[in-house]
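Me: I am new to reading protein models. Could you walk me through a few features, one at a time?

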Amino acid sequence: MDLLNTLVDKGLRRELPTREEALAVLATSDDELLDVVAAAGKVRRQWFGRRVKLNYLVNLKSGLCPEDCSYCSQRLGSKAEILKYTWLKPDDASKAAAAGVAGGAKRVCLVASGRGPTDKDVDRVSDTISAIKEQNEGVEVCACLGLLSDGQAERLRTAGADAYNHNLNTSEATYGDICTTHDFSDRVSTVQQAQAAGMSACSGLIAGMGESDADLVDVVFALRELDPDSVPVNFLIPFEGTPLAKEWNLTPQRALRILAMVRFVCPDVEVRLAGGREVHLRSMQPLALHLVNSIFLGDYLTSEGQAGKDDLAMIADAGFEVEGTDTTTLPEHRTDAEQGTDAVPEPAAEVAAATVAAPPSDETRRDLVSVRRRGAGTDLPPNA
């Protein structure tokens, strides 16, 4: 297919596709799916080989958020029966993080519900970062605390935060449809503050909220312009008790096409398969490893993921390997700006995409959404 050959060539050169080309990826048929995955897989392997980075979430403060983001189980007015608790103590958060590190996670993501942190909250998170780094040599720490005020990004960086996450989520044109308590520009500003403070920026999207193909392309192009190091791709988890509980718009094939489009637009960036992968990709999760180079291990913020040992088995069975702490995730040209190198690593051997079984039924599977009842904020051990 000429489209895919063009996109592979551009991806190997780190050249931005056109919007029409990105839209065309989303419009490909199921008959072309394995061709799309194989093409995007060439770009993925060029920049990241067969490595998979593992990340682990620790929900520092769950529920009771004053923002009205309609996709979120922690939102204002949410009826979702999730865990609700205030700030974890630094030692408790560090213990939760250690479970993920022991399971193979290279990065720990510290997340707290709310519009944004107070200065006292920043102090609390700084203590937590110190506790985690003291007990886990070589671990990366990413903070995700909402909108930042002046000076807070610098304080987090000084405390040892390696990265900051704040997702754009959807296109600027439709952002008001999913949230009214802050706007798209607020999110862009927070990502830019993190970058200016010297933290690695992590910013991504949520697919499956009823958006159009054009919306998906718009948000991914906006992310490309922001140039974060990491782009998490979340698939909506339609929690009962939230406004989007009935938005079951994704098939495994659609989810794979979205991941492929993101890889073509962001060829040399850490593309992370994030929340909702078990719900929407189901048995086709291993195929997504040909597109992404990063996943979350174990559970998410308010929902349970598949067992950590199953994640590790999936990676091994698909012929990939877990990335170690002694390996730099990003390509040299993204991490060694001081030297100005633009070296291209040797491409890995081509590996054909795996054959996939018949797609599952289109019947809505509400049983796939399982509220987290273990780990941080409970007396039960975490899933890692």
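**The pocket and the rings**

Reply: Happily! By class, the lining of the largest pocket has eight charged residues, seven polar and one nonpolar. Keep in mind that this is a predicted model.

Me: How many residues line the largest pocket, and which lie nearest its centre?

Reply: The lining is made up of 16 residues. Nearest the centre of this pocket are Lys53, Arg107, Glu140, Ser200 and Leu330.

Me: And what volume does the largest pocket have?

Reply: Its volume is about 280 Å³.

Me: Let's turn to the rings. How many aromatic pairs does the structure hold?

Reply: To count as a pair, two rings need centres within 6.5 Å, and planes over 60 degrees apart make the pair edge-to-face. The structure holds two aromatic pairs. One joins Tyr175 and Phe184, edge-to-face, with 6.2 Å centre to centre and 70° between the planes.

Me: Why is the pair of Phe296 and Tyr300 edge-to-face?

Reply: The planes of Phe296 and Tyr300 stand at 80°, so this pair is edge-to-face; the ring centres are 6.4 Å apart.

Me: Are these residues buried or exposed?

Reply: Buried means under 20% relative accessible area. Tyr175 and Phe184 are both buried, and Phe296 and Tyr300 are both buried too.

Me: Which ring does the charged end of Arg50 sit over?

Reply: For an arginine, look at how its CZ atom is placed relative to the ring centre and the ring normal. The charged end of Arg50 sits over the ring of Phe320, 4.3 Å from its centre. Arg19, in turn, lies over the face of Phe221, at 4.6 Å from the ring centre.

How values were computed:
Residues are numbered from 1 along each chain as its sequence is written. This is a predicted model: local features need pLDDT of at least 70, side-chain atom pairs count only at pLDDT 80 or more; totals for chains, interfaces and linings use all residues. Side-chain values use heavy atoms; hydrogens and water are left out. Rings of Phe, Tyr and Trp (its six-membered ring) pair if their centres lie within 6.5 Å; planes under 30 degrees apart count as stacked, over 60 as edge-to-face and the rest as tilted. Buried means under 20% relative accessible area, exposed over 50%, partly exposed in between (1.4 Å probe, protein chains only). A charge sits over a ring if NZ of Lys or CZ of Arg is within 6 Å of the ring centre and within 35 degrees of the ring normal. On a 1 Å grid over the protein atoms alone, a cavity is a set of points where a 1.4 Å probe fits but cannot get out, and a pocket is an open set with protein on both sides within 12 Å along at least five of seven lines; lining residues have an atom within 4 Å of a point. Grid points are joined across faces, edges and corners, and a volume is the space filled by probe spheres set on the points. Ala, Val, Leu, Ile, Met, Phe, Trp, Tyr, Cys and Pro count as nonpolar, Asp, Glu, Lys and Arg as charged, and the others, Gly among them, as polar.
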